[in-house]
Amino acid sequence: MKDCIIQYWNSGANGYNKGIQRLLHSHKENSGWKSVFSEYLNDKPLKVLDIGTGPGSMSILLAEMGHFVSAVDLSEQMLHCARENAKECNVTVDFKVGDAENLPFEDNSFDAVVNRWVLWTVPNPKAALSEWTRVLKPGGRLLIFDGNWYSGEKTCVQKAWKHGSRFYTLLSERRNMWKRDMDNTFVDGLWSTHANRPEDDCTLFMNAGLVNVKSSLDLNKKVYTLSDYIRQGHWGDTFIVTGVKPDGTEK
Ligand SMILES: C[S@@+](CC[C@H](N)C(=O)[O-])C[C@H]1O[C@@H](n2cnc3c(N)ncnc32)[C@H](O)[C@@H]1O
C-alpha cells in the first residue's frame, strides 16, 4: 500500500504544487491558516513537526510565524517542491523523507505535531497516532486537519459539483483531475473510507492517550476563498481534531 501511496504522490506532486503555490501567495488563505494556528498553538516560538508535508504549505506558514519547523513526507518529489517553495518564501524548514507511522525522531521531541489532509491515507491510523503522540513532549499538542474525502454517500449535487470543479481546474490550470482518480480497490482499502469522521478520529486520539480531545467542523469558512470553495466545496465540511499529551498536571 505504501508503494502505491509513494507512486501516487510522486506522480502528482507538480500538479498538486500549483494549488499550494496559490495558497502561499493568497493573502486571504495565508492569513486564514495562520489565524487557525494562532488559535490552537502558542504564539511563542515552538518546535513543530509537520507530517506528510507535501509541497510544504503548512510548514512554510508555521516558519513564517516564527516556529522552528521540521517536516517529513514519503514522497521525494513532494519534498523537492517543498524545498523550492521554502526557498522562494525565504524561510528555513528541516525537510526529510519519513514515514508517518515510523518517524525518524526521538521520543518527546516536539511542542506541537500538525498535519493536513494526511491521516485519511495512512494504512494504520492507530500506529500513526501512537507515533505522533510518542514524538510530542508532555503538554504538547497534536493538531490535524482532514475531510470526509471518500466516506459516506455523496449527493447528486456533490457529484455534479465535483465534475464541474474538475472542468474549472482543467481550464484554469490545464490539469486533468479525472486522470488523478485513485484506484477504487485502493480507496476501498483505506480505513477512512469506512469511518465516521471526525468522531472516529477523536476515538483514535483518546486511544493514543491524548487528553482534551476536541473536534470542530468550521474549518472551511476559516480558510477557504471563493475559488477554493468552487474547487473543493463538493467534498463537504473539512475538520480540525486536536488533543494534548498529558504532562501529569491534568485533573
Ligand atoms: C493530500 S497530500 C497533503 C500534503 C500537505 N500536507 C498539504 O496539506 O498540502 C498527502 C501527503 O501525505 C503524504 N503521505 C502519505 N502517506 C504518508 C506517510 N505514511 N508518511 C509520510 N507522508 C505520507 C503524501 O506523500 C502527500 O504528500
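In helix α4 (residues 76-88), the buried residues are M78, L79, C81, A82, N85 and A86; buried means under 20% relative accessible area, and exposed means over 50%, with a 1.4 Å probe and protein chains only. Seen down the axis of α4, these buried residues fall within an arc of 155°, so they line one face of the helix; the arc is that of the directions from the helix axis to the C-beta atoms. On the other side of α4, K87 and E88 are exposed.

This is a predicted model, in which local features need pLDDT of at least 70 and side-chain atom pairs count only at pLDDT 80 or more, while totals for chains, interfaces and linings use all residues. Residues are numbered from 1 along each chain as its sequence is written, and side-chain values use heavy atoms, leaving out hydrogens and water.

Now let's turn to the ligand. Around the ligand sit 20 residues, of which Y16, G52, D73, A100 and R116 come nearest; a residue counts as near if one of its heavy atoms lies within 4 Å. Three polar contacts (pairs of N or O atoms within 3.5 Å) are listed here:

| Ligand atom | Protein partner | Distance |
|---|---|---|
| oxygen | Y16, side-chain N or O atom | 2.8 Å |
| oxygen | D73, side-chain N or O atom | 2.6 Å |
| nitrogen | A100, polar backbone atom | 2.8 Å |

Taken alone, the ligand exposes 590 Å², and the protein buries 99% of that; these areas come from the Shrake-Rupley method with a 1.4 Å probe. Helix α1 (residues 2-25) gives the most to the shell around the ligand, with 5 residues.

How values were computed. A polar contact is a pair of N or O atoms within 3.5 Å; within protein, one must be able to donate a hydrogen and the other to accept it, and residues adjacent in sequence count only if both atoms are side-chain atoms. Helices (H or I, at least four residues) and strands (E, at least two) are DSSP runs, numbered from the N terminus.
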